[in-house]
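The following exercises are to be worked through with the sequence and the model at hand. Each task is followed by a solution in steps.

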Amino acid sequence: MTLEHRNFADELNLARLNLISALDIADGLREWSVTTSQGERVVNVKCQALPEYGVPHGVDNDVNTAILALYGEQGQPMDGKLTVSASRLLKLAGFRRTGPYYEMLRISLERLRTTSYRISGGWRDHPKRRWSNVGFSILNKVEYSSSIGGQFDERTIITLTLAEEIVNSILGGYTKPLDLEFMHSLSRPRTRILYRVLDATRINPERPDEIVDILDVNIVEWADQCKMACTRLQDVRRALAGPHEELIRKGYLRDVAYSGRGKDQRVTYHFTRQFVALPPALMARFRKYGVADGVLHLLAREMSPVSLTAAVDEFERRVAAGMQIKKTHAAALVHFIKNPDQYIVRQVMGEPVEGTPKVARKASAELERPSTQELLRAMSAEDRSEYLIKQLNLLYRNKLRPHELDTLKQGVLVGKLDAASVMEEAIAALGRIEGDRFMTELKGVLDAMVLE
């Protein structure tokens, strides 16, 4: 999972209602229906799936959040239409890019497309401050290029369309941050689903700015919320035990407590206030210099782990080069991170530049900024092909079909197409108002490649 999506905008209705069962295996489950009372509202959610796929469950949650991350990455298009390679989508979902995972992704997308939901009184129309009744499938359409037999492989390009209800809700601002990096660090699909549901349920659905640090729920209603399909309370507690243990161990929860008996049992969750997930290796590096965990967590609220890691790397390079430490290493490292403008940012003609004015540094940075061609040629062939697909989809939206993008990607991978040249001509053609001509010529090249 790339850190660019560390905190992405999760759609709050999907996360709060939890349309994906917290089961690792669906075991032939084809439908479910849950009715709950929420104040004066009675909310009913029904799910119906095709027999060959079963209800969405387990890893479908990872695929769903990856699609939502992709929706944000591609600029939240109003028509909900997204184009992506199968390998890129697997990466966003936190999965390895190997044969079994390609097939898992294909089945998951089909399940999200063919499963229908009916929600009565529980879908929030946030701009209008009303509750509504809706019916939809998470994906309206899925189109893809494939190998012989219709299977996904490393060349597969997918075009999918999010449900209009989901698109409207996101565009209406009914979203919440979710740490995808932390979610993907959790060991089991069930734990990842529970984390997503907990993170949404602690938010007041009518006033999303209100977040509680203690959540108290009835165990039967909570099992329904998680769509666990357990009939015995001891099975519910057993199914939740592993996820609870991991979420406590990783610091997201402070404690989980049970009270009461029978169907009146309650589960009380105590959340870690202002929780920020950090990689153990990063924490170890800061501890080596004596930086307290509390100080590191404060830094992590403003900077990603990637930025913090880069800062430690640069600090160590400067210390090795002779940078003086006036106080402790802990104080010096924290000051270095918090006040980057007070330190040398680059060298000119091999000599350190002290106190370079910000305007001069900005101008120098502009001069040194690599061109698109330089950036592309520094990438691997795989990354160049992904970048080209993404940019062409932004510049020439919906002009290329999945099978054409499949050929385009393969052309870059085998060296028949130069990504930098294609990008340069694509941009120039728009400037000359010759976009249609460029697209016709590009499609001609792709067709010729298929016939070779």
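**Exercise 1. The strand β8**

Task: Determine which residues of β8 lie on each of its two faces, and state whether they are buried or exposed.

Solution. The model is a predicted one, and the assignment below is to be read accordingly.
Step 1. One side of β8 carries I157, T159 and T161, and the other carries I158, L160 and L162.
Step 2. The residues on both sides are all buried, and both faces of the strand are therefore covered.
Step 3. The count is 6 of 6 residues buried, so β8 is largely enclosed by the rest of the structure.

**Exercise 2. The sheet that contains β8**

Task: Establish the strand order of the open sheet of 3 strands and identify its edge strands.

Solution.
Step 1. The order is β4-β8-β7, and the pairing is antiparallel.
Step 2. β4 (81–85) and β7 (139–144) each pair on one side only and are the edge strands.
Step 3. From one strand to the next, the twist averages 20°.
Step 4. Between β7 and β8 (residues 157–162) there are 5 bridges. L139 has L162 of β8 as its bridge partner, and E143 stands opposite T159 of β8.
Step 5. β4 and β8 are likewise joined antiparallel, over 5 bridges. Here K81 stands opposite T161.

**Exercise 3. The helix packed on this sheet**

Task: Describe how α3 is placed relative to the sheet, and decide how many of its residues are buried.

Solution.
Step 1. Helix α3 (residues 86–93) packs on the sheet and touches β4 and β8. The direction of α3 makes about 95° with that of β4.
Step 2. The buried residues of α3 are A86, S87, R88, L89, L90, L92 and A93.
Step 3. With 7 of its 8 residues buried, α3 is largely enclosed by the rest of the structure.
Step 4. After α3 comes G94, which has a positive phi, near 85°.

**Exercise 4. The sheet of 4 strands**

Task: Give the strand order of the open sheet of 4 strands, and explain why one side of β2 and of β6 is left without a neighbour in the sheet.

Solution.
Step 1. The strands follow the order β2-β3-β5-β6, with antiparallel pairing.
Step 2. β2 (31–38) and β6 (130–136) each have a single partner strand, and because they stand at the edges, one side of each lacks a neighbour in the sheet.
Step 3. The twist in this sheet averages 20° from one strand to the next.
Step 4. Strand β3 (residues 41–48) runs antiparallel to strand β5 (residues 116–125), and 5 bridges join them. N44 faces S120 of β5 in this pairing, standing opposite to it.

**Exercise 5. Aromatic rings and charges**

Task: Classify the ring pair Y144 and F152, and assess the accessibility of each partner.

Solution.
Step 1. The ring centres of Y144 and F152 are 4.7 Å apart, which falls within the 6.5 Å limit for a pair. This is one of 13 aromatic pairs in the structure.
Step 2. The ring planes stand at 75°, over the 60 degrees required, so the pair is edge-to-face.
Step 3. Y144 has 24% relative accessibility and therefore counts as partly exposed. F152, at 7%, is under the 20% limit and therefore buried.
Step 4. Y144 is also in contact with E110, which in addition contacts Y53, neighbours within four places in sequence being left aside. E110 is found in helix α4 (residues 99–114) and is buried, with a relative accessible area of 10%.
Step 5. Elsewhere, W32, Y117, W123 and F136 form one aromatic cluster.
Step 6. Two arginines sit over rings: R124 has its charged end 4.9 Å from the ring centre of W131, and R237 lies over the face of Y258, at 3.8 Å from the ring centre.

**Exercise 6. The helix α18**

Task: Compare the span of α18 with the expected value, and find which helices its buried residues pack against.

Solution.
Step 1. Helix α18 (residues 419–431) has 13 residues and reaches 19 Å from its first C-alpha to its last, close to the 18 Å expected.
Step 2. A419, A420, V422, M423, A426 and A429 are buried in α18.
Step 3. An α-helix has 3.6 residues a turn, so residues three or four places apart point the same way.
Step 4. The buried residues of α18 pack against α15 (372–378), α16 (381–395), α17 (402–414) and α19 (435–451).
Step 5. I433 follows α18 and has a positive phi, near 60°.

How values were computed
Residues are numbered from 1 along each chain as its sequence is written. This is a predicted model: local features need pLDDT of at least 70, side-chain atom pairs count only at pLDDT 80 or more; totals for chains, interfaces and linings use all residues. Side-chain values use heavy atoms; hydrogens and water are left out. Rings of Phe, Tyr and Trp (its six-membered ring) pair if their centres lie within 6.5 Å; planes under 30 degrees apart count as stacked, over 60 as edge-to-face and the rest as tilted. Buried means under 20% relative accessible area, exposed over 50%, partly exposed in between (1.4 Å probe, protein chains only). A charge sits over a ring if NZ of Lys or CZ of Arg is within 6 Å of the ring centre and within 35 degrees of the ring normal. The expected span of a helix is 1.5 Å times one less than its number of residues. Contact means heavy atoms within 4.5 Å. Two strands pair if DSSP finds at least two bridges between them. Axes are lines fitted to C-alpha atoms, for helices over the stretch in contact, and angles run from 0 to 180 degrees between N-to-C directions.
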